[in-house]
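Work through the exercises below with the sequence and the coordinates open. Each task is followed by a solution in steps.

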Amino acid sequence: MNTLYSFRRCPYAMRARMALRYSGVAVNIVEVSLKAKPAEMLALSSKGTVPVLSVNGEVIDESLSIMRWALAQHDPQDWLLKDDPAGQVQIAALIEENDQAFKVHLNRYKYAERYPERPMEFYRAEGEVFLRRLDGLLEGRDYVLADHPSLADVALMPFIRQFAHVDREWFGQTPYVRLQAWLQRFLESDLFTSIMKK
Ligand SMILES: N[C@@H](CCC(=O)N[C@@H](CS)C(=O)NCC(=O)O)C(=O)O
């Protein structure tokens, strides 16, 4: 049986669960406590982060690799943009920017009291650059790289959600109305609601 060690509210685990669910691959999801990680998970991957996928004797312990593994099994809506090499380069670049730079800004904005060198608004403005960029990509289409979701949309969405939810009122009054609609569409999607069920 395929097992995914997951934590419901972890954005990396969310994106892995969405890709697995979309691909239709059956997985048994084990909700772990980050304070008391199960020994069997640590035996598979000693770095101790979720998500971890154990499948046919193989262990995949990076969320993006889990997503790519799932899509290699089944990708009915072409999230990989398989006939669009330029789009594939953009997928990788957006995810890289999200996981490296934006994630840092998000953490500092969310936990600004831990970074008292600067006010919260400073960290928020740093993250906002990425929001503006994504909003620009959504001009004339519903998803950031195509008129259907790609790996980039799904990989980024849990992080944009976190950023938006630090101060929903602030996010709601920004000029990024396309990004707001994009996020709302994901939040209401069967895909997202199904992976967040308790
Ligand atoms: N690069 C990893 C990052 C995963 C990650 O950092 N997950 C966090 C939870 S959101 C975690 O497990 N942290 C370990 C801990 O809190 O003990 C991935 O993409 O899978």
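**Exercise 1. Backbone outliers**

In which loop does Asn56 lie? Give its phi and its accessibility as well.

Before starting, note that the model is predicted: local features need pLDDT of at least 70, side-chain atom pairs count only at pLDDT 80 or more, and totals for chains, interfaces and linings use all residues. Residues are numbered from 1 along each chain as its sequence is written, and side-chain values use heavy atoms, with hydrogens and water left out.

Step 1. Asn56 lies in the loop between β3 and β4 (58-60). Helices (H or I, at least four residues) and strands (E, at least two) are DSSP runs, numbered from the N terminus.

Step 2. The phi of Asn56 is near 45°, which is positive in a residue other than glycine. Most residues other than glycine have a negative phi, and most peptide bonds are trans.

Step 3. Asn56 counts as exposed because its relative accessibility is 73%. The classes are buried under 20% relative accessible area, exposed over 50%, and partly exposed in between (1.4 Å probe, protein chains only).

Step 4. Leu81 also has a positive phi, about 50°, and is not a glycine. Leu81 sits in the loop between α3 (63-73) and α4 (85-110). With a relative accessible area of 4%, Leu81 is buried.

Step 5. The peptide bond from Val50 to Pro51 is cis, with omega near 5°. Pro51 belongs to the loop between α2 (39-44) and β3.

**Exercise 2. The neighbours of β1**

Which strands pair with β1, and in which sense?

Step 1. Strand β1 (residues 3-6) is covered on both faces: Thr3 and Tyr5 are buried on one side, Leu4 and Ser6 on the other. In a regular strand the side chains alternate between the two faces of the sheet.

Step 2. Strand β2 (residues 28-31) pairs with β1 in the parallel sense over four bridges; two strands pair if DSSP finds at least two bridges between them. Val30 of β2 is the bridge partner of Tyr5, and Glu31 of β2 stands opposite Ser6.

Step 3. Between β1 and β2 the chain passes through helix α1 (residues 11-23), and this β-α-β crossover is right-handed. The term applies if, with the strands pointing away from the viewer, the path from the first strand over the helix to the second runs clockwise.

Step 4. Strand β3 (residues 52-55) pairs with β1 in the antiparallel sense over three bridges. Ser54 of β3 is the bridge partner of Thr3.

**Exercise 3. Helix α8**

What span should α8 have, and where do its buried residues fall?

Step 1. Helix α8 (residues 177-188) has twelve residues, so at 1.5 Å a residue it should span 16 Å. The expected span is 1.5 Å times one less than the number of residues. The end C-alpha atoms of α8 are 16 Å apart, which agrees.

Step 2. The buried residues of α8 are Leu179, Gln180, Trp182, Leu183, Phe186 and Leu187. Seen down the axis, they fall within an arc of 160°, so they line one face of α8. The arc is that of the directions from the helix axis to the C-beta atoms.

Step 3. Val177 and Glu188 are exposed, on the face of α8 turned away from its buried side.

**Exercise 4. Annotated spans**

What helix and strand content do residues 1-78 and residues 84-198 have?

Step 1. UniProt lists residues 1-78 as "domain: GST N-terminal" (unreviewed entry). This span is 38% helix and 19% strand.

Step 2. The UniProt annotation "domain: GST C-terminal" (unreviewed entry) covers residues 84-198. This span is 74% helix and 0% strand. UniProt positions are given in the numbering used here, feature names are shortened, and annotations may be inferred rather than shown by experiment.
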